[in-house]
Amino acid sequence: MRIAISTGGGDAPGLNAVIRAIVLCAHTRGWQTYGIRRGYGGLLGDDGIMTLTPDKVRGITHLGGTILGTTNRGNPFRWVVRDASGKDVEVDRSDELIAAFRASGFDALITIGGDGSLKIGYDLWRKGLPVVGVPKTIDNDVTGTLATFGFDTAVATATDAIDKLHSTTESHERVMVVELMGRDAGWIALHSGIAASADVILIPEIPFDIEKVCAKVRAREQAGRHFSMVVVGEGARPLKGGIVLLERRAAGTVDRLGGIGSLVARAISERTGKETRSLVLGHLQRGGSPTTFDRLLGLRFGAAAVRAVADGAFGIMIGYNPPVINRVPMQEVIGKAKHVPLDSDTVLTARELGISLGD
Ligand code: F6P
């Protein structure tokens, strides 16, 4: 059995743990494993394919990033090429990819990715490739799994950053606005905001009223708390208004979110007269060594993916749904982002702790 592994989309701490588990669990069965470089690029003549042996994955469980490299521009169904006029256009190279997969003698593809990469895996499966998906993203927005690996590490990093900002914010009696990643889902902002005792948490699932945010800042001021910590998910939006983009989608890419934090900071400063600063935590949230939880989840996902290959269970995604690691049909997952449920215990906890959610 020859298994190909690909890692696509934004990297997430825990990717190397998954790769190591796949390689070792396949090796135990006497199978061979190969890493496709840079998303699917390696199968399309771009950078090639790595043979993965137990030696090659020694000591990588605790390392962030992915030894295979990744890209969020490598969709084989929408591959970007420059045409004769110098314009970027998208072409479908999926047939070419499938031919390269077969020519390499691979028997299975384990694709490790978020919604975008899993959709590519699903489309390849529908075209006949034996595909197993493993959910990855710091955003935790993949349906069919309670958690994706990378999320716990990102939340830990964000919590640590908010903790550090607290002392300077309090010393200067300022309002600090921290913008966190997560795209259209507020998981990172909500979890780290609660854990780090934020006063206001704005998430995409709850459009906010800036007056309510300012009311919280003023109430704290009156209570003798002359500083406030505001956590904003990058996809948060005001009641009247849309999400804020850093960059519109170009061929082969997705929109880049960013900028809501500084807008919120400016509005708070104008309306309350408080000195305000803002900070975008950005890619720090994707870096560093995975937490114990993410390492273990990654290793369990990798092992479960190889078990699925052994059972010939394709077109499925591995899910973490305690107390089990299970298999979820990919069609139940694709195109259905997992958002923070508004009636969840976590949202309720935030409200009962007195945290303003801006509504
Ligand atoms: O999906 C993971 C993520 O980190 C999002 O939270 C963020 O919006 C996006 O990727 C950033 O992507 P890039 O690395 O392309 O800037």
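Two strands are taken to pair if DSSP finds at least two bridges between them. Strands (E, at least two residues) and helices (H or I, at least four residues) are DSSP runs numbered from the N terminus. The structure is a predicted model, in which local features require pLDDT of at least 70 and side-chain atom pairs count only at pLDDT 80 or more, whereas totals for chains, interfaces and linings use all residues. Residues are numbered from 1 along each chain as its sequence is written, and side-chain values use heavy atoms, with hydrogens and water left out.

Strands β4 (residues 79–82) and β5 (residues 88–91) run antiparallel and are joined by four bridges. Within this pair, W79 has V91 of β5 as its bridge partner. Five residues lie between the two strands of the hairpin, where G86 adopts a positive phi near 90°.

An open sheet of seven strands follows the order β3-β2-β1-β6-β7-β14-β15, with mixed pairing. Its edges are formed by β3 (49–52) and β15 (324–329); each has a single partner strand, so one side of each is left without a neighbour in the sheet. On average, neighbouring strands of this sheet are turned by 30° against each other, direction ignored; the underlying axes are lines fitted to C-alpha atoms, for helices over the stretch in contact, and angles run from 0 to 180 degrees between N-to-C directions. Two bridges connect β7 (residues 131–135) with β14 (residues 316–321) in the parallel sense, and G133 is placed opposite M317 of β14.

Two backbone features occur in loops associated with these strands. The peptide bond from P322 to P323 is cis, with omega near 10°, and P323 belongs to the loop between β14 and β15. In the loop between β2 (32–36) and β3 lies R38, a residue other than glycine whose phi is nonetheless positive, near 50°.

A further open sheet comprises four strands in the order β9-β10-β8-β13, paired in parallel. Because β9 (200–202) and β13 (276–280) stand at the edges with a single partner strand each, one side of each is left without a neighbour in the sheet. The twist from one strand to the next averages 15°. Parallel strands β8 (residues 175–180) and β10 (residues 228–233) are connected by six bridges, with L180 standing opposite G233 in β10. Helix α6 (residues 210–222) lies across β8, β9 and β10 and runs at about 170° to β9, contact being defined by heavy atoms within 4.5 Å.

The ligand is surrounded by N72, I138, D139, M181, G182, R183, E234, H283 and R286, a residue being near a molecule or strand if one of its heavy atoms lies within 4 Å of it. This shell divides into two nonpolar, three polar and four charged residues; Ala, Val, Leu, Ile, Met, Phe, Trp, Tyr, Cys and Pro count as nonpolar, Asp, Glu, Lys and Arg as charged, and the others, Gly among them, as polar.

Polar contacts are pairs of N or O atoms within 3.5 Å; within protein, one atom must be able to donate a hydrogen and the other to accept it, and residues adjacent in sequence count only if both atoms are side-chain atoms. A ligand oxygen atom lies 2.7 Å from a side-chain N or O atom of D139, and a ligand oxygen atom is 2.9 Å from an N or O atom in the side chain of N72. For G182, a polar backbone atom is 3.1 Å from an oxygen atom of the ligand. Of the 400 Å² of accessible area that the ligand has on its own, the protein covers 79%. Accessible areas come from the Shrake-Rupley method with a 1.4 Å probe; for residues, only the protein chains shown count as cover.
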